[in-house]
Amino acid sequence: MQAIQLKRQVRSLGPGAKWRTVTVYAITSLPAHQARPADLAAWIRGHWTIENKLHYVRDVTYGEDHSQTRTGNTPRAMATLRNLAISALRLAGETNIAQALRRLGRDATRPLALLGIT
């Protein structure tokens, strides 16, 4: 088992934003010979890649945090559909999901063409 302390410099995106140090901690059950410091750092970076490419899009573009679906399996089903849509757009080469959704929403045949249905 290993405990990890990671310090990084962050700042907001606004004008005049100041840098600050953030300390985060993690624990892994992997022993040191199976997870070297470089491996642990790569896994943590990979986590933030997922956070920035998927969860941020779901929260901001789809407004997932403001969703009114809260009962039964509906929240999980909606998250799955959002992930499917985001993945299909990324596989089609889209980098700006919000822009792609606006473009696809202007013509009902475009999403079908994207999925190879027409």
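Which residue caps the N-terminal end of α3? In this predicted model, in which local features need pLDDT of at least 70, side-chain atom pairs count only at pLDDT 80 or more, and totals for chains, interfaces and linings use all residues, that cap is Asn96, a side-chain oxygen of which lies 3.3 Å from the backbone nitrogen of Ala98. Residues are numbered from 1 along each chain as its sequence is written, and side-chain values use heavy atoms, with hydrogens and water left out. The mean pLDDT (the predictor's confidence in each residue, from 0 to 100) of the protein is 90, and 100% of its residues reach 70 or more; among the elements, α3 has the highest mean, 95, and α1 the lowest, 85.

Ile97, Ala100 and Leu104 of α3 are buried, that is, under 20% relative accessible area, as opposed to exposed at over 50% and partly exposed in between (1.4 Å probe, protein chains only). These three residues lie on the same side of α3 because they cover an arc of only 60° around the axis, the arc being that of the directions from the helix axis to the C-beta atoms. The face turned away from this buried side carries the exposed residues Arg102 and Gly105, whereas the cover over the buried residues includes α1 (37–60), α2 and α4 (109–114).

The largest nonpolar core (buried Ala, Val, Leu, Ile, Met, Phe, Trp, Tyr and Cys residues joined through side-chain atoms within 4.5 Å) consists of six residues, Val57, Ile86, Leu89, Ile97, Ala100 and Leu104. At least two of its residues come from each of α2 (74–91) and α3 (97–105), with α3 giving the most, three.

Key. Helix = DSSP H or I, 4+ residues; strand = E, 2+ residues; numbered from the N terminus. Contact = heavy atoms within 4.5 Å. Polar contact = N/O pair within 3.5 Å; in protein donor to acceptor, adjacent residues only side chain to side chain.
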